[in-house]
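Subject: Handing over the structure, with notes

Dear colleague,

Here is the structure I promised to pass on to you. Please open the sequence and the model side by side, and then read the notes below at your own pace.

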Amino acid sequence: MRLKQAQSCGFVLIFALWVLGLLTFLAVSVALGVRQKTLMAEKLEDQNRMFYLQEAVLKQVKSYIHKEMDQHQFNYTADLKSRIHNNSNFFGRVSFGADNATVSYTLFEQGRALEQFGVVDEERKINLNTTNVIVVQRLIEQVLDIKPEETLLLAQSILDWRQQGQAQADGFFSDDYYGNLKHSYFKKDANYELLEELLLIKWMTRTKYEKLLPYLTVYGEGKVNINTASGVVLYALGLDHAVVDKVLIARRGKDGAEATGDDLFFVKTFDVASDVASVVKLEPQEFRAIDALNLQGVLTTNSYYFYCAMQSRLSRSGWTRNAQAIYSSRDNKVLYWREK
């Protein structure tokens with residue numbers, strides 16, 4: 001009798017433990033499900049907050065640039081340069097509530113890579129839709145470590161993409177090349193709309209593309225702003241290194257730094273040579289070289305298109321996201337937007 005009672009009690013105990021285990025499993029499962037849904041809800045909320053943060057920051061940047069341009073009557077003065085290209089007070093922390101963003105870029109000057117807070121002048125670059133093969137070839141020579149014959153082929157490929165019809169260079173059959181790829185496509189035969197199109201070009205690689213990217217644009221009328229152009233771009237346009245150095249020395253002012261309040265501001269392109277000569281000595285041939293470049297109609301002293309690279313950060317989660325935009329101050333609108 002006692003044996004049967006013991007067996008019965010043991011059975012009840014086992015059953016109770018089994019039920020307890022089942023309930024524990026269900027409780028854990030429910031808790032995990034709730035936790036997963038909570039995390040998903042938080043992630044969705046963060047995505048929405050990030051979207052509105054980026055939108056708000058870009059609106060603040062647009063408003064700031066347009067206001068500064070308007071106050072300077074859309075003239076590219078030294079003061080304007082420092083306010084939009086080298087201004088940590090504004091671009092170092094653009095806030096929207098507790099969340100914030102930084103707007104910065106890397107300035108490659110004098111063999112150094114410097115982080116600057118601000119936006120980039122798109123018209124300091126070479127426009128792919130208006131340039132010629134000589135300029136592109138001179139640019140590639142400086143930026144890429146490749147053989148001279150490869151430099152010419154790549155330069156031809158870049159321009160051939162937008163030119164209608166077959167390229168004229170001997171042995172350069174781009175249509176046959178693109179049409180015979182495993183995943184074939186046609187070359188564009190029209191102007192570049194995005195710089196990313198360069199990745200479709202024959203002889204182009206991702207590494208080459210990344211190195212050329214800081215010096216190329218598809219925005220603007222095609223002229224290069226002499227007040228912001230880099231030494232690499234000025235050389236590509238046709239000036240030799242000695243003249244380029246003198247232009248930059250004169251432009252940077254006494255502090256030798258780019259985009260500060262003491263920069264020399266070139267008002268008229270036909271006065272550039274005389275303005276430079278007022279600061280540093282120019283040899284007669286150097287003076288003529290600058291004037292000759294102006295006569296080609298490739299220079300300007302103003303800009304209206306700007307590249308904005310933002311890194312936005314949510315205060316609660318610490319989540320960050322990068323985005324890029326091209327803003328036209330002339331039309332007061334964003335022409336390009338991409339998240340990285």
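Before anything else, one term is needed: a residue is called buried when its relative accessible area is under 20%, exposed when that area is over 50%, and partly exposed in between. Please also keep in mind throughout that this is a predicted model.

**Salt bridges**

With that cut-off in hand, we can begin with K81, which has a relative accessibility of 2% and therefore counts as buried. K81 forms a salt bridge with D263, and the closest N and O atoms of this pair are 3.0 Å apart. As K81 lies in helix α2 while D263 lies in the loop between α9 (241-252) and α10 (272-277), the pair ties together parts that are 182 residues apart in sequence. D263 has a relative accessible area of 6%, so this partner is buried as well. As a general point, side chains of opposite charge can pair when their charged atoms come close.

How many salt bridges does a search of the whole structure find? The search finds 17, and two others deserve a look beside the one just described. In one of them, K246 pairs with E286, with the closest N and O atoms 2.8 Å apart. This pair links distant parts of the chain, since K246 sits in helix α9 and E286 in helix α11 (residues 284-295), 40 residues apart. E286 counts as buried because its relative accessibility is 9%. In the other, the side chains of R252 and E258 meet, at 3.5 Å from N to O, and both R252 and E258 are buried.

Which residues are linked in a network of salt bridges? The network contains K81, R251, R252, E258 and D263, and you may find it helpful to show these side chains together on your screen.

**The cavity**

Two residues of that network come back when we turn to enclosed space. The structure holds one cavity of 30 Å³ or more, and the volume of the largest cavity is about 110 Å³. Its lining is made up of K81, H85, Y105, L107, V119, V120, D121, R124, T228, E258 and A259, so that K81 and E258, which we met in the network of salt bridges, also appear here. The elements that contribute two or more residues to this lining are α2 (78-85), β2 and β4 (120-121). Sorted by class, the lining residues of the cavity are five nonpolar, two polar and four charged.

**The largest pocket**

Next comes the largest pocket, which holds about 940 Å³ of space. It is lined by 36 residues, and those closest to its centre are L213, Y307, A309, Q324 and K340. Two or more lining residues come from each of β2 (99-109), α7 (206-212), β9 (305-313), β10 (320-328) and β11 (333-339). Which element gives the largest share of this lining? That element is β2, with seven residues. By class, the pocket lining consists of 18 nonpolar, seven polar and 11 charged residues.

**A patch on the surface**

On the surface, F51, Y52 and F96 form a nonpolar patch, and together they have about 340 Å² of accessible area. Y52 belongs to helix α1 (residues 2-71), and its relative accessible area is 49%, so Y52 counts as partly exposed.

**Some single residues**

Lastly, there are a few places that you can check one residue at a time. F74, in the loop between α1 and α2, has a phi near 55 degrees, which is a positive value in a residue other than glycine. N332 also has a positive phi, near 55 degrees, and is likewise a residue other than glycine. N332 is placed in the loop between β10 and β11, and because its relative accessibility is 35%, N332 counts as partly exposed.

Is V224 buried or exposed? V224, which is found in strand β7 (residues 224-225), has a relative accessible area of 2% and is therefore buried. The C-alpha atoms of V224 and N302 are separated by 8.7 Å, although the two residues are 78 residues apart along the chain.

With best wishes

Technical notes. Residues numbered from 1 in each chain as written. Predicted model: local features only at pLDDT ≥ 70, side-chain atom pairs only at ≥ 80, totals over all residues. Heavy atoms only, no water. Patch = residues over 30% accessible without salt bridge, like charges linked within 9 Å, V, L, I, M, F, W, Y side chains within 5 Å. Areas by Shrake-Rupley, 256 points an atom, 1.4 Å probe, with all protein chains shown as cover. Salt bridge = Lys/Arg side-chain N within 4 Å of Asp/Glu carboxyl O. Helix = DSSP H or I, 4+ residues; strand = E, 2+ residues; numbered from the N terminus. Buried < 20%, exposed > 50% of the residue type's maximum accessible area, 1.4 Å probe, protein only. 1 Å grid on protein atoms, 1.4 Å probe; cavity = no way out; pocket = protein on both sides within 12 Å on 5 of 7 lines; lining within 4 Å. Points joined across faces, edges and corners; volume = space filled by probe spheres on them. Nonpolar A, V, L, I, M, F, W, Y, C, P; charged D, E, K, R; others polar.
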